[in-house]
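Hi,

I am handing over the structure we talked about, and you will find it just below. My notes on it follow, so please read them with the model open beside you.

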Amino acid sequence: MKRSATLSLGLIAISIGVVLLVYWITIKNKELQDTNTLTSDEGGVTVTVNPITSLESDNWSFEIELNTHSGELPEDLKGDAELLLDNRQTLSAFSWEMSSEQSHHQEGILSFEKTGNKPGAIELILKDIGGVKERNFKWDLNN
């Protein structure tokens, strides 16, 4: 009887350990897990940015949505975007992949190549959208 109870407790402990390990791996694989989607609503254009980068990724990637009721939306954000790492290193975007393109609505993924160690903070800068010189989206990664 004792052997059966010990075996049952051992299996329960192993099961709990596996669940905790899977949870920990899931959390660690999301660098920007606790960040919020950020929005800028100026110049008649709403820009919504959601970071989607994981530890395995070679890129910093952001889901971006642009909405307007009037005016023009940029065709390619790549040339009008920068990523500032720890307020000192600036990266240029290498890719803008649109998933939806309409006259007043665009969605896509904007990507930057990762370099060096994980920064403590990142700032996405989007220029000249809806007549707004700069839109700044900042995330603290030291949470």
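This is a predicted model, and its pLDDT averages 82 over the protein chain, with 82% of the residues scoring at least 70. Confidence varies from element to element: helix α1 (residues 2-28) has the lowest mean pLDDT, 62, and strand β4 has the highest, 95. Please take care with residues 24-31, where pLDDT stays under 50 and the model has ten contacts beyond four places in sequence. Where pLDDT is low, predicted coordinates should not be read in detail.

Now for the overall layout. The protein chain contains one helix and nine strands, and along the sequence the helix comes before the strands, in the pattern α-β-β-β-β-β-β-β-β-β. The chain has 143 residues, of which 32% count as buried. It exposes about 9100 Å², and carbon and sulfur atoms supply 50% of that area. If you look at contacts between residues at least 6 apart in sequence, 51% of them join residues at least 24 apart.

The strands are easiest to follow sheet by sheet. Five of them form an open antiparallel sheet in the order β1-β2-β3-β7-β6. Strands β1 and β6 are at its edges with a single partner strand each, so one side of each has no neighbour in the sheet. From one strand to the next, the twist averages 15 degrees.

Within this sheet, β1 (residues 38-42) pairs with β2 (residues 45-51) in the antiparallel sense over five bridges. You can find the register from L38, which stands opposite V49 in β2. The hairpin of β1 and β2 has two residues between the strands, and G43 takes a positive phi there, near 60 degrees. Further in, β3 and β7 pair in the antiparallel sense over nine bridges, with N59 opposite E113 in β7.

Four strands form another open sheet, ordered β5-β4-β8-β9 and again antiparallel. Here β5 (89-92) and β9 (132-140) are the edge strands; each has a single partner strand, so one side of each is left without a neighbour in the sheet. Neighbouring strands of this sheet are turned by 25 degrees against each other on average, direction ignored. One pairing to look at is that of β4 (residues 81-85) with β8 (residues 121-129), which is antiparallel and runs over five bridges. L84 has E123 in β8 as its bridge partner.

What lies in the nonpolar interior? The largest nonpolar core has 24 residues, and F62, I64, L110, F112, L124 and L126 touch the most other members. The elements giving two or more residues to this core are β2, β3 (59-68), β4, β7 (105-113), β8 and β9. I64 is a good place to centre your view: leaving aside residues up to four places away in sequence, I64 touches V47, T48, V49, L77, W96, Q106, E107, G108, L110, L124 and L126. In soluble globular proteins, nonpolar side chains tend to be buried together.

Two serines are worth a look as well. S111 is found in strand β7 and is buried, because its relative accessible area of 7% falls under the 20% cut-off. Beyond four places in sequence, S111 touches N59, W60, S61, A93, F94 and S95. S100 lies in strand β6 (residues 95-102) and is also buried, with a relative accessible area of 17%. Its contacts beyond four places in sequence are H105, Q106 and E107. S100 and E65 are 35 residues apart in sequence, while their C-alpha atoms are 9.1 Å apart in space.

Finally, there are two backbone details to check. Most residues other than glycine have a negative phi. N87, however, has a positive phi near 60 degrees; N87 lies in the loop between β4 and β5 and counts as exposed at 64% relative accessibility. D128 also has a positive phi, near 55 degrees. D128 lies in strand β8 and is exposed, with a relative accessible area of 54%.

Happy exploring, and do write back with any questions.

Best wishes

Terms used: Residues are numbered from 1 along each chain as its sequence is written. This is a predicted model: local features need pLDDT of at least 70, side-chain atom pairs count only at pLDDT 80 or more; totals for chains, interfaces and linings use all residues. Side-chain values use heavy atoms; hydrogens and water are left out. Buried means under 20% relative accessible area, exposed over 50%, partly exposed in between (1.4 Å probe, protein chains only). Contact means heavy atoms within 4.5 Å. Accessible areas come from the Shrake-Rupley method with a 1.4 Å probe; for residues, only the protein chains shown count as cover. Two strands pair if DSSP finds at least two bridges between them. Axes are lines fitted to C-alpha atoms, for helices over the stretch in contact, and angles run from 0 to 180 degrees between N-to-C directions. A nonpolar core is a set of buried Ala, Val, Leu, Ile, Met, Phe, Trp, Tyr and Cys residues joined through side-chain atoms within 4.5 Å. pLDDT is the predictor's confidence in each residue, from 0 to 100.
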